[in-house]
Amino acid sequence: MIKVNLVPADILAKAAQKQQMFQLGVVGVGVLLVVAMVSVGHFTKAVRLEADQKGLETEYAKWQEEVRLIEDLQRQVAELRRRLDVVNSLLKGRPLYAKFMTDVVKTIPGGVWVKSMSTSSTMSTVKMIAQAESSSPEEIREWVRRMEGSGRFGPVEIGAVTSADVLPKTFAFSMTTTYTAEF
């Protein structure tokens, strides 16, 4: 059997072209719908993220205020601790010279006279430089022995001992030592 196509080829070509155009249009509309749906998804996600960001920024601002308050409190605590340390050091240092003088007086033998004394101190130590006179060298040696025996006086250094040619004979000397208090 032979089929004869009575429709001219121009019309068939135009029909095929229309069909191709329709198919391309459907594909184009489909692509546009997919692009539109993806764009709408991205847009809604962007809107949601911006809302979340504003909420987080508000919460961040609130926490920043709390952090600032905490830092202020920490500064105040540090300042109070510093003041407390000063008060404690003053309370510790307050009896230092009283203890020092008590311990010095306990060590001085009867034949020694302290003419002058200078001191410098830290929190628990006192450096002493004394100018004194003694009735005999044995009294000087006794003072040194008592100081070293007390356990509170560091190395005792005696300066040059000079004697006067007048009666009663006296021996002038200087002494340097370091006192460490026990609290």
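Let me begin with arginine 145, which forms a salt bridge with glutamate 142, the closest N and O atoms being 2.4 Å apart. Please keep in mind throughout that what we have here is a predicted model. Arginine 145 and glutamate 142 are 3 residues apart in helix H3, and so about one helical turn separates them. As for its surroundings, glutamate 142 counts as partly exposed, with a relative accessibility of 21%, a value to be read against the cut-off for buried, which is under 20%.

Helix H3, which covers residues 137–150, also holds arginine 141 and glutamate 138, again 3 residues apart, or about one turn of the helix. Their side chains meet in a salt bridge, with 3.6 Å from N to O. Here arginine 141 is exposed, at a relative accessible area of 54%, while glutamate 138, at 47%, counts as partly exposed.

Why does this kind of spacing suit a pair of side chains on a helix? An α-helix has 3.6 residues a turn, so residues three or four places apart point the same way.

Turning to helix H1, which runs over residues 9–93, we find glutamate 79 and arginine 83 placed 4 residues apart, which again comes to about one helical turn. The side chains of glutamate 79 and arginine 83 are joined in a salt bridge of 3.1 Å, N to O, and glutamate 79 is partly exposed, with a relative accessible area of 29%. The structure as a whole holds 10 salt bridges, and the three pairs I have described are among them.

Now to helix H2, residues 96–107, where aspartate 103 is found. Is aspartate 103 buried or exposed? With a relative accessible area of 10%, aspartate 103 is buried, because the cut-off for that class is under 20%. Leaving aside residues up to four places away in sequence, aspartate 103 touches Arg152, Phe153 and Tyr179.

The helix around this aspartate has 12 residues, and from its first C-alpha to its last H2 reaches 17 Å, close to the 16 Å expected at 1.5 Å a residue. Along H2, the buried residues are Leu96, Phe100, Asp103, Val104 and Thr107. Viewed down the axis of H2, these buried residues fall within an arc of 100°, and therefore they line one face of the helix. On the face of H2 turned away from that buried side, we find the exposed residues Val105 and Lys106.

How values were computed
Residues numbered from 1 in each chain as written. Predicted model: local features only at pLDDT ≥ 70, side-chain atom pairs only at ≥ 80, totals over all residues. Heavy atoms only, no water. Helix = DSSP H or I, 4+ residues; strand = E, 2+ residues; numbered from the N terminus. Buried < 20%, exposed > 50% of the residue type's maximum accessible area, 1.4 Å probe, protein only. Contact = heavy atoms within 4.5 Å. Expected span 1.5 Å × (residues − 1). Arc of directions from axis to C-beta. Salt bridge = Lys/Arg side-chain N within 4 Å of Asp/Glu carboxyl O.
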